[in-house]
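This report describes the fold, the packing and a few individual residues of one protein chain. The sequence and the coordinates come first, and the description follows.

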Amino acid sequence: MLHSGYINFFDVSRCGLYRITKNNPQGLDMAETFAELKKWVDGRSFDVTNPWDPKTHRNKTACYAHKIYAHPTNGDYLLILWKGESDKQGPLYGISINPDGSVDKAIKQTQVNNKKPTIWGRPCYYWVIPEINTVASIKFDNSRCDARMFQDWVSGCITYKVPLPKYKRVETETGLVRIEFPIEATSETTEEPEYSPKHIYSFEMGLRNISTGSARLAELSKKVTHIIRRETVSITNTDRRQGWHRLFKRFDVPYVSADDQTKRRVELRVEARPTLEEIKAIIDQHSQDHDGKGWEDTGFVTDKSGQVVWAGTFRMTENISIDDNGDAILEAEDLYRKIFENRDRYIAPIIKDNLIEKTGTK
């Protein structure tokens, strides 16, 4: 069956060992991080690749590593993670665990009465490109994308689980794990290796939007006359929400159904002429707050035509189609092979934007 998917690109803003208040990482960059993750996952039982103890970390989404594929020459990785879920929005899939810790093919919950230990959930596909400091999520109808879960899984594995022979873990009395890396000895008589001051591993990313150097964004900044904000507001608790929601306190609309007196869809249009940098900031904030679905949105009204340009259209996205060969989960190698067919086209805008940001030239 042919599946169509959407690719969203994320900029990795932090990856490595950081001192508090410092922004320069020391060790464990993207290439090293995912090389260590692959070594740890390969040959390991599926059910122990969740870095969190579900009994003590109930606020963490259960996440397991199904497969990590590494391209032999360009440094890319394709990760298939398994998001443990119990909701009923579409069919759940299960991965059954053999006695030796290996996994069987994924099955639909409604199709098989499986007697083996089974972890129910849905696959999540991520393409990691250390070359350009980027992660791409690939979303199909039967899969999930969860950026927060992905960040937590990477950080949790590196901090608590992955063996790091070159580094030294130190756990504080409060349970905080710090990672130290070896430094050159300051004395010729020093026999034991010296380690750096304590660092914390951090992995953070945010959705990629086109840069302020984009000609399209620059052209838009010359034409904006109004900003539109669409929100779903609570009639009963608007005073607890920040920002524009406060404008809708005691909000009352005539001629509406009395079936639901708790929420309203509202659209606010404000006259404004934001600068290029302010438009970029609005777009970036929109990407952080919204996943592109539903009523909530931010738009820019242009002069003369009154056309609305929505913030989401500046998000870097691509489309992909692939045959699943009758399997519930795509094979990592097959999915990466399909990505590789258009790899240069996919990453060309990012390379261009990175160059613009670095040099300041268009």
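Where does Asn133 lie? Asn133 sits in the loop that runs between strands E6 and E7. Its phi is positive, about 60 degrees, although Asn133 is not a glycine. With a relative accessible area of 32%, Asn133 is partly exposed. The model is a predicted one.

**Overall composition**

The protein contains 6 helices and 17 strands. Of its 362 residues, 43% are buried. Taking contacts between residues at least 6 apart in sequence, 66% join residues at least 24 apart.

**Helix H5 and the cores**

Helix H5 spans residues 332-341, and its residues Ala332, Leu335, Tyr336 and Ile339 are buried. Viewed down the axis of H5, these buried residues fall within an arc of 95 degrees, so they line one face of the helix. What do the buried residues of H5 pack against? Their partners are the strands E2 (63-70), E3 (77-84), E6 (118-129), E7 (134-139) and E17 (317-323), together with helix H6 (343-359).

Leu335 also appears in the description of the largest nonpolar core. That core has 42 residues, and the ones with the most contacts inside it are Leu78, Trp127, Ile138 and Leu335. Beyond four places in sequence, Leu335 touches Leu78, Tyr125, Ile138, Phe140, Ile320, Ile322 and Leu330. Another core, of 34 residues, lies apart from the largest one and includes Leu28, Leu79, Val135 and Phe150.

Leu28 is placed in the loop between strand E1 (2-18) and helix H1. Its phi is near 55 degrees, a positive value in a residue other than glycine. Leu28 is buried, with a relative accessible area of 0%.

**Helices H1 and H2**

Helix H1 covers residues 30-41 and helix H2 covers residues 147-161; their axes come within 11 Å and cross at roughly 75 degrees. That crossing makes H1 roughly perpendicular to H2. On the H1 side the contact is formed by Thr33, Phe34, Leu37, Trp40 and Val41, and on the H2 side by Phe150, Trp153, Val154, Cys157, Ile158 and Lys161. Sorted by class, the contact of H1 with H2 has 9 nonpolar, 1 polar and 1 charged residues.

Val41 belongs to helix H1. Its relative accessible area is 8%, so Val41 is buried. Outside its sequence neighbours up to four places away, Val41 touches Ala65, Ile68 and Trp153. Trp153 is one of the H2 residues that meet H1.

Met30 is also found in H1. Met30 is buried, at a relative accessible area of 4%. Which residues is Met30 in contact with, leaving aside neighbours within four places in sequence? Its contacts are Val12, Cys15, Val128, Ile129, Pro130, Asn133, Thr134 and Val135. Asn133, in the loop between E6 and E7, is thus among the contacts of Met30. Val135, another of these contacts, is a member of the core of 34 residues.

Asp152 is located in helix H2. Is Asp152 buried or exposed? At 17% relative accessibility, Asp152 counts as buried, because the cut-off for that class is under 20%. Asp152 touches Trp52 and Lys60, not counting residues up to four places away in sequence.

**Val308 and C-alpha distances**

Val308 is in strand E16, which covers residues 308-310. At 24% relative accessibility, Val308 counts as partly exposed. Residues up to four places away in sequence aside, Val308 touches Ile228, Gly299, Phe300 and Val301.

The table gives residue pairs with their separation in sequence and their C-alpha to C-alpha distance.

| Pair | Separation in sequence | C-alpha to C-alpha distance |
|---|---|---|
| Val308 and Ile228 | 80 residues | 8.4 Å |
| Val41 and Tyr64 | 23 residues | 9.6 Å |
| Met30 and Cys15 | 15 residues | 6.2 Å |

Two of these pairs can be set beside the contact lists. Ile228 is one of the residues that Val308 touches, and Cys15 is one of those in contact with Met30.

Note on methods: Residues are numbered from 1 along each chain as its sequence is written. This is a predicted model: local features need pLDDT of at least 70, side-chain atom pairs count only at pLDDT 80 or more; totals for chains, interfaces and linings use all residues. Side-chain values use heavy atoms; hydrogens and water are left out. Buried means under 20% relative accessible area, exposed over 50%, partly exposed in between (1.4 Å probe, protein chains only). Helices (H or I, at least four residues) and strands (E, at least two) are DSSP runs, numbered from the N terminus. The arc is that of the directions from the helix axis to the C-beta atoms. Contact means heavy atoms within 4.5 Å. A nonpolar core is a set of buried Ala, Val, Leu, Ile, Met, Phe, Trp, Tyr and Cys residues joined through side-chain atoms within 4.5 Å. Axes are lines fitted to C-alpha atoms, for helices over the stretch in contact, and angles run from 0 to 180 degrees between N-to-C directions. Angles under 35 degrees count as roughly parallel, over 145 as roughly antiparallel, 65 to 115 as roughly perpendicular and the rest as oblique. Ala, Val, Leu, Ile, Met, Phe, Trp, Tyr, Cys and Pro count as nonpolar, Asp, Glu, Lys and Arg as charged, and the others, Gly among them, as polar.
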